[in-house]
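Please explain how parts of this chain that lie apart in sequence are brought together, beginning with the charged side chains and ending with the strands.

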Amino acid sequence: LTTQLIELGIPFSDPMAEGPVIQAANIRALAAGTTTDQVFDLVERVRARTDVPLAFMTYANVVFSCGIDRFAARAHEAGVQGLILPDVPFEEKDEFALPCRAHGIELISLVAPTSDDRVAMIAREADGFLYCVSSLGVTGVRSSIATDVGAMVRLAKEAAPDVPCAIGFGIATPEQARAMAAVADGVIVGSAIVRIVAEHGRNAAPQVAAYARSMKEACRAAG
């Protein structure tokens, strides 16, 4: 739980897996004129200051409209290591995974509480890490996580012991982070950070840093 990865969203007009917080962030970004090429430029500026691994999270249409091979090549050139496309079914991933792999980009697979016997199959073919969705529905802060995420992680680990499993969707508090870190290799936090940015705008950096620090410490406390 010492490796860090920053997930950077590329805005899309119809994000089916996103709850209200990230939907609103997409709307703000698109209204401000944000383009995919501008996000690539942003990554290059970030790369000049840090070598922390970066992964894009966006939707298939964004990549497809850019040209899958061109997108993967440009992402690699900018310094991105991974790509998460929540609307691409496992059975159709090769259209994206093969160009990504050719350019050194890892297409991250997702499993959900409804994946059942598909968990092992998906885990065995996973690149980078396995994104374990903690709850049914869309992204967003949840007061509690009722799914037996540990069982899902165990299934994945039995099939692919060397593939790290990270849990996302709904994790917002240090207590939740500690509980999830106790059963997985990583914890993914999105909406809670986006909400802080929405509240504080250009002055959000100190608040985001303090929040991220508290979550990191909670993960470390889980051992």
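In this predicted model, the count of salt bridges comes to eight. Side chains of opposite charge can pair when their charged atoms come close.

One of these pairs is E44 with R74, whose closest N and O atoms are 3.0 Å apart. Because E44 belongs to helix α2 (residues 36–47) and R74 to helix α4 (residues 68–78), the pair ties together parts that are 30 residues apart in sequence. The partners sit in unlike surroundings, since E44 is partly exposed at a relative accessible area of 32%, whereas R74, at 16%, is buried, the limit for buried being under 20%. The pair also belongs to a network of salt bridges that links D41, E44 and R74.

A salt bridge also joins D127 to R101, with the closest N and O atoms 2.9 Å apart. D127 lies in the loop between α6 (118–124) and β5 (130–133) and R101 in helix α5 (residues 94–102), so this pair ties together parts 26 residues apart in sequence. R101 counts as partly exposed, with 42% relative accessibility.

The side chains of D185 and K157 meet in a salt bridge as well, at 2.7 Å from N to O. This pair links distant parts of the chain, 28 residues apart, with D185 in the loop between α8 (174–181) and β7 (186–187) and K157 in helix α7 (residues 149–159).

Turning to the strands, β2 (residues 54–57) is covered on both faces, with L54 and F56 buried on one side and A55 and M57 buried on the other. Strand β1 (residues 6–9) pairs with β2 in the parallel sense over four bridges, and E7 has A55 as its bridge partner. Three bridges join β2 to β3 (residues 82–84), also in parallel, and here F56 stands opposite L83.

Conventions: Residues are numbered from 1 along each chain as its sequence is written. This is a predicted model: local features need pLDDT of at least 70, side-chain atom pairs count only at pLDDT 80 or more; totals for chains, interfaces and linings use all residues. Side-chain values use heavy atoms; hydrogens and water are left out. Buried means under 20% relative accessible area, exposed over 50%, partly exposed in between (1.4 Å probe, protein chains only). Helices (H or I, at least four residues) and strands (E, at least two) are DSSP runs, numbered from the N terminus. Two strands pair if DSSP finds at least two bridges between them. A salt bridge is a side-chain nitrogen of Lys or Arg within 4 Å of a carboxyl oxygen of Asp or Glu.
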